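Thanks for coming, everyone. I'll take one structure today and keep it short. Here it is on the screen.

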Amino acid sequence: MTEDRTEALLARLAQVLPQRALMIGDAVDPRYQEDRRNRPSARPPFVLRPGSTAEVAAGVAACNAFGQPLVVQGGRTGLSGAHRIWAGEAVLSLERMTAVEPVQPGATTVLAEAGAPLQRVQEAALAADQIFGVDIGARGTATIGGNIATNAGGIRVLRYGMFRAQVAGLEAVLADGTILSALKDVEKDNCGYDLNQLFIGSEGTLGIVTRARLRLHPRPVIEANAFVALPTIEAALVLLTRLRAAVGSTLSAFEIMLPGAYHGVTKHLGLTPPLATAAPAYVLAEIQAPAGAAEAEEIFMASLVAAMEEGLALDAVVSQSPREFQALWDLRDGCPEYVRSLQHVASGDISVPTARIADFLHESQAALRAIDPETAFHVFGHLGDGNLHYVFQTPQKEPAMARLLQLVSDYGGSISAEHGIGVDKKPFLHLSRSPAQIATMRLLKTALDPQMILNRGRIFDMPAAG
Ligand SMILES: Cc1cc2nc3c(=O)[nH]c(=O)nc-3n(C[C@H](O)[C@H](O)[C@H](O)COP(=O)(O)OP(=O)(O)OC[C@H]3O[C@@H](n4cnc5c(N)ncnc54)[C@H](O)[C@@H]3O)c2cc1C
């Protein structure tokens, strides 16, 4: 935009928004350029900081009228680069919309503004003696809007599903300022298209999520976890099947760490490893059971003992207190921080059909070692739902990542299980979506954001005009 047009837009914004909703020029704080992957982000000419849905609508409508591109930002913990700023893009931050309504007596949902950190929703649920089903390591900073825009998953997808499953209602603002509000507290509502679904996982490209009504779950009375060393990855999958059969849906997490991640994170955090046994795979398994299901814990323990006796598991430690329970989770939660400390690190957030994960891990490790025999693996992730944080170290990151993602596609998996496509995975979208699917995404983008002002160039590019 020319300087004159930017000035005219800023004058318009100053008319429709209160002063505190607008940050301009030198006043723009460097925090909007933060990126978890430390990649460069341009300085935005201004930042919109609306305090209400009406202010979002007014700000966006003005930007739309001037063709001003906007980047939508929540907590900037995203790992695909969608919130990173390109030259000329302004920021729309939800940081002032953080309200979480107290849960009403008897209610099984909570209403939250999009800028509320996930942890605030978890706390509101606990205050009503319920729980929220999604938990991720970035819970203190990642926002509900960002969670919805990336369809966040996390450690308990096995039991409660991804973020999509938690959204009972949603409010969003389109690029022209139209407000779509569907926040009714009803479980059944089938009146034509479910437009809410469009915004879940669309990475801010179709609209701005402003509020959401989120489902809550009964608070588990019994929680237990165990850390298990396995002789093979195949054995980890057999243990998963056994535990599922034994404790059913009370199995709430089944997380894997390969030796590189396990030894690396314990050393990085300065912890004593929970198990000294050397093994090719380690698993953190958890159950959550409601009152009246006391036998679930006994069955869980008995299944682990049986696995050890049969040689299916090499060693296991079961937490004996809330402190030990948390210590096992701290180990798992520390993995992202640990891998961030490594040099020459590449990371793919991928999923593969669970039954094929062992073959995939063997073949992919051999394929990456064929590119660089020194490749070191620090893989961890949500084995229970087939999602791996496939982290590895090599100076040959680009050919290795291209090979890995091609293999994911060959195995019928997804090149982005949780973090979206953003900018970083855009060159690989064709490995998980067909030309017809990408063309349909473009049609939706054109229909809802014809001026392409919202998160332009994220997920996919539009074909050049003419
Ligand atoms: C330590 C760590 C652990 C993590 N663990 C997990 C995990 O287990 N599972 C998982 O799924 N992810 C995980 N993530 C990734 C990240 O936390 C999620 O993607 C999160 O949902 C992003 O939320 P955010 O508020 O930080 O969004 P941002 O990073 O600010 O934005 C992410 C995307 O959402 C869009 N967006 C943000 N707010 C809105 C809104 N209100 N309306 C429309 N679009 C919006 C942005 O434009 C961008 O496209 C982890 C990240 C870290 C750093």
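**Ligand first, then the sheet**

Start with where the ligand sits. Domain 1 (3-93) and domain 2 (109-218) both give residues to the shell around the ligand, so the ligand lies between them. Keep in mind that this is a predicted model.

Now the shell itself. How many residues surround the ligand? The count is 35. The closest are Gly74, Gly78, Gly145, Gly146 and Gly204. Three elements give two or more residues to this shell: strand 3 (70-73), helix 4 (144-150) and strand 9 (208-215). Which element has the largest share? That is helix 4, with five residues.

Next, the make-up by class. The shell has 13 nonpolar residues. Another 17 are polar, and five are charged.

On to the sheet. A quick reminder: strands of a sheet pair through backbone hydrogen bonds, either parallel or antiparallel. Here we have an open sheet of four strands, and the pairing is antiparallel. The order is 5-9-7-8. Strand 5 (109-113) and strand 8 (179-182) stand at the edges. Each has a single partner strand, so one side of each is left without a neighbour in the sheet. From one strand to the next, the twist averages 15°. Strand 9 is in this sheet, and strand 9 also gives two or more residues to the ligand shell.

Last, one pair in detail. Strand 7 (residues 167-173) pairs with strand 8 in the antiparallel sense, over four bridges. What is the bridge partner of Val173 in strand 8? It is Ile179.

Over to you for questions.

How values were computed:
Residues numbered from 1 in each chain as written. Predicted model: local features only at pLDDT ≥ 70, side-chain atom pairs only at ≥ 80, totals over all residues. Pairing = 2+ DSSP bridges. Axes fitted to C-alpha atoms, helices over the stretch in contact; angles between N-to-C directions. Near = placed C-beta within 6 Å. Nonpolar A, V, L, I, M, F, W, Y, C, P; charged D, E, K, R; others polar. Domains from an automatic or database assignment.
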